[in-house]
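Me: Got a model I'd like to talk through with you. Can you look at it and take my questions as they come?

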Amino acid sequence: MTEVSIERLTKTFGSARAVDGISIRIADGEFISLLGPSGCGKTTTLKMIAGFEEASEGAIRFDGKDVVNVPAEKRDIGMVFQNYALFPHMTVDQNLAFGLEMRKIAKPEILNRIAKVLDMVQLGGYSDRYPNQLSGGQQQRVALARALVIEPKILLLDEPLANLDAKLREEMRVFIRDLQRRVGITTVYVTHDQAEAMTMSDRVVVMFGGRIAQIGAPSDIYERPENLEVAQFVGQVNLVKGTVTGAAGPGKSRVASVFGEVAVDSRTDHAPGIAVTLSLRPEAIELKPAGRGRAQGKVTARYYSGSIIDYRIALDSGETLHVQTFPNTRIAEGDRVSVHAPADGFWLLGAAK
Amino acid sequence: MKRPVLTLYCLLVYAFLLAPILVVVGASFNAGNFLTFPPQGLSLRWYVTFFHNDVFMRAIRTSLWVAAVATVISGTIGTMAALYYVQHAGRWKEAVRIAMLAPLLLPEVLTAIALLFFVYAIGIGTTTMIGMIAGHVLITLPFVFINVSASLESFDPSWDMAARSLGAGRLARFRRIMLPLIKPGVIGGALFAFIISFDTFTISFMLKGIGTSTLPIQLFDYLRTNFTPEAAAVSTVSILLTLVGVIVSEKVLGLRIHRF
Ligand SMILES: Nc1ncnc2c1ncn2[C@@H]1O[C@H](COP(=O)(O)OP(=O)(O)OP(=O)(O)O)[C@@H](O)[C@H]1O
Ligand SMILES: [Mg+2]
């Protein structure tokens with residue numbers, strides 16, 4: 001199997017740097033997601049790995065071998081496209097056979113492998129259908145099967161679920177993830193959907209403007225974001241102003257804020273007296289009837305959405321908070337509340353701007 | 001019929017388009033000696049005359065041969081030009097399109113005269129059929145180009161990328177993916193080219209050279225001195241040939257655009 005190493009990879013279009021010196025080491029069998037807003041260079045990065053775009057600078061190594069000068073058709077990659085790109089004039093079987101025929105594999109072996117892969121994507125019995133006779137989800141699975149049947153070194157997927165409806169999308173997340181685990185193939189997955197990246201990946205690469213903002217496990221990205229941009233991109237976040245009052249052990253600072261003085265995790269140490277910004281995730285906050293606790297406020301809005309309730313709280317100290325609670329919370333719009341935030345709900349983002 | 005006015009209008013348009021053809025076909029079965037409609041008695045005698053007329057037979061063979069050669073050349077060049085136009089022309093796209101469509105925009109007689117000067121200037125002259133075939137290629141090229149580039153515009157580039165990722169080289173991608181998917185456009189264009197070449201008068205008239213003749217020219221020649229139903233029989237046969245061409249391509253080669 002294959003380890004991929006990307007080193008200072010750059011792509012320029014004219015004077016614009018679509019991808020700007022990114023480096024990633026992808027372990028054998030790892031599932032990596034490239035996550036970022038539209039136009040941040042995810043597709044361009046994937047196309048360079050696939051060989052559809054020439055790298056302007058930098059190296060791409062498969063198992064240590066530089067493939068920058070290897071054309072796409074010789075790179076031995078499996079690719080799944082957002083619009084599936086199934087060949088419309090071929091049946092499912094013919095689509096799946098195509099890559100194997102290009103590899104000059106014998107007919108019986110081809111049939112054998114097709115049967116196996118169709119079974120794997122649960123599409124046995126669909127052999128003779130044309131792509132336009134399949135649902136979106138089925139086409140998606142054929143595209144996946146077509147990429148996998150050639151037993152490529154690497155699987156690349158560019159927003160493969162973007163055209164599916166919400167429910168199917170969630171099913172396919174799990175399906176693709178399970179399949180990838182079973183096959184054990186090194187996978188690079190492009191998406192701008194943070195929930196998708198979180199649930200599927202071993203590690204997530206967050207990109208902005210052609211650069212990597214952070215690489216880490218989903219929990220790392222979510223709980224210990226490198227900066228404000230990352231924190232805001234991977235979920236809702238409250239920003240709380242505070243002042244450092246001292247150190248509190250390794251990687252922890254004591255910070256005074258409207259919620260009192262708490263020991264907050266941080267990536268770097270900050271000298272006492274410095275003004276900092278803390279992040280506080282909406283689901284870490286607890287609301288109680290008014291009267292107890294330091295931070296007091298008033299509910300200005302309440303949005304019920306089944307699995308959670310979203311609150312907007314105006315604190316007496318002037319800040320606005322976004323809070324998510326379980327749906328059984330009996331607090332209504334207009335109620336006065338006291339707001340509790342446990343120390344481990346905070347994360348020190350950095351010095352205040 | 002919910003819309004009598006519209007229906008009537010459509011019927012009139014069809015009548016206007018088809019009536020002359022029906023008249024010609026009807027007149028070809030004439031038993032009399034003159035090209036009249038309705039025919040005076042029914043007979044196939046003018047077809048017999050036509051099939052025994054060496055001059056017409058030679059002309060029809062020339063026409064078919066020239067049309068076939070022109071179609072193959074025009075189909076190949078036109079398809080290649082369309083490929084360049086859609087995939088590589090970049091900022092020259094508009095210029096390429098106008099150049100390719102130029103023969104359609106210029107009066108055919110101008111093209112013909114210019115080409116006549118040209119073939120003599122470069123010493124080819126009109127002793128061979130090269131000049132005439134070049135002319136036919138020239139005027140049929142735009143039809144191939146338009147048809148093929150239309151079908152290429154709907155060719156999704158990700159099909160090509162998918163084929164590459166599956167290990168297909170340039171040739172395999174063209175043969176197995178692109179060609180089958182743009183086939184309706186290529187066949188449609190070739191069919192147009194064939195019919196236009198078979199039918200054209202001006203270009204052939206200027207460039208045919210002495211001793212050869214195509215069917216439209218021969219027919220014109222014939223009608224200058226004769227007015228028999230044989231002319232109608234000739235026309236009917238060429239209409240039939242065209243019709244057979246369309247139907248055969250449709251059935252055999254699969255002109256149906258919406259197969260997928
Ligand atoms: N062929 C090209 N020529 C010029 N600029 C390009 C080209 N391809 C991409 N770009 C630019 O490079 C940047 C990155 O594009 P890319 O397609 O990689 O973004 P993306 O992260 O995949 O976005 P999305 O989520 O919208 O798909 C964009 O600003 C885009 O406009
Ligand atoms: Mg993209």
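Me: How many salt bridges are there over all chains?
Reply: The count comes to 24 over all chains, where a salt bridge is a side-chain nitrogen of Lys or Arg within 4 Å of a carboxyl oxygen of Asp or Glu. Keep in mind that this is a predicted model: local features need pLDDT of at least 70, side-chain atom pairs count only at pLDDT 80 or more, and totals for chains, interfaces and linings use all residues. Side-chain values use heavy atoms, with hydrogens and water left out, residues are numbered from 1 along each chain as its sequence is written, and chains are lettered from A and ligands numbered from 1 in the order in which they are written.

Me: OK. What does Glu30(A) form a salt bridge with?
Reply: With Arg203(A); the closest N and O atoms are 2.6 Å apart. Glu30(A) lies in the loop between strands E2 (16-26) and E3 (31-35) of chain A and Arg203(A) in strand E9 (residues 203-208), so the pair ties together parts 173 residues apart in sequence. Helices (H or I, at least four residues) and strands (E, at least two) are DSSP runs, numbered from the N terminus.

Me: Is Glu30(A) buried or exposed?
Reply: Buried, at 10% relative accessible area, while Arg203(A) is partly exposed at 24%. The cut-offs: buried is under 20%, exposed is over 50%, partly exposed is in between (1.4 Å probe, protein chains only).

Me: And where do Arg224(B) and Asp221(B) lie?
Reply: Both are in helix H10 (residues 215-225) of chain B, three residues apart, about one turn of the helix. Their side chains meet in a salt bridge at 2.9 Å, N to O. Arg224(B) is exposed at 60%, and Asp221(B) is partly exposed at 30%. Elsewhere, salt bridges that share partners join Glu73(A), Asp160(B), Arg164(B) and Arg173(B) into one network.

Me: Switching to the greasy stuff. Which residues have the most contacts inside the largest nonpolar core?
Reply: Phe87(A), Leu144(A), Leu156(A) and Ile177(B), in a core of 93 residues. The largest share of this core, seven residues, comes from H4(A). A nonpolar core here is a set of buried Ala, Val, Leu, Ile, Met, Phe, Trp, Tyr and Cys residues joined through side-chain atoms within 4.5 Å. There's also a second, separate core of 25 residues, which includes Val244(A), Val299(A), Tyr311(A) and Phe346(A).

Me: What does Phe87(A) touch?
Reply: Not counting residues up to four places away in sequence, its contacts (heavy atoms within 4.5 Å) include Pro131(A), Arg146(A), Trp159(B), Leu166(B) and Ile177(B). The charged end of Arg146(A) sits over the ring of Phe87(A), 4.6 Å from its centre. That label needs NZ of Lys or CZ of Arg within 6 Å of the ring centre and within 35 degrees of the ring normal.

Me: How many aromatic pairs over all chains?
Reply: 14. Phe201(B) and Phe205(B) have ring centres 5.3 Å apart and planes at 15°, so that pair is stacked. Rings of Phe, Tyr and Trp (its six-membered ring) pair if their centres lie within 6.5 Å; planes under 30 degrees apart count as stacked, over 60 as edge-to-face and the rest as tilted.

Me: Last thing, backbone. What's the phi of Gln122(A)?
Reply: Positive, about 55°, although Gln122(A) is not a glycine. Gln122(A) lies in the loop between helices H3 (107-120) and H4 (136-149) of chain A. Glu151(A), not a glycine either, has a positive phi of about 50°.
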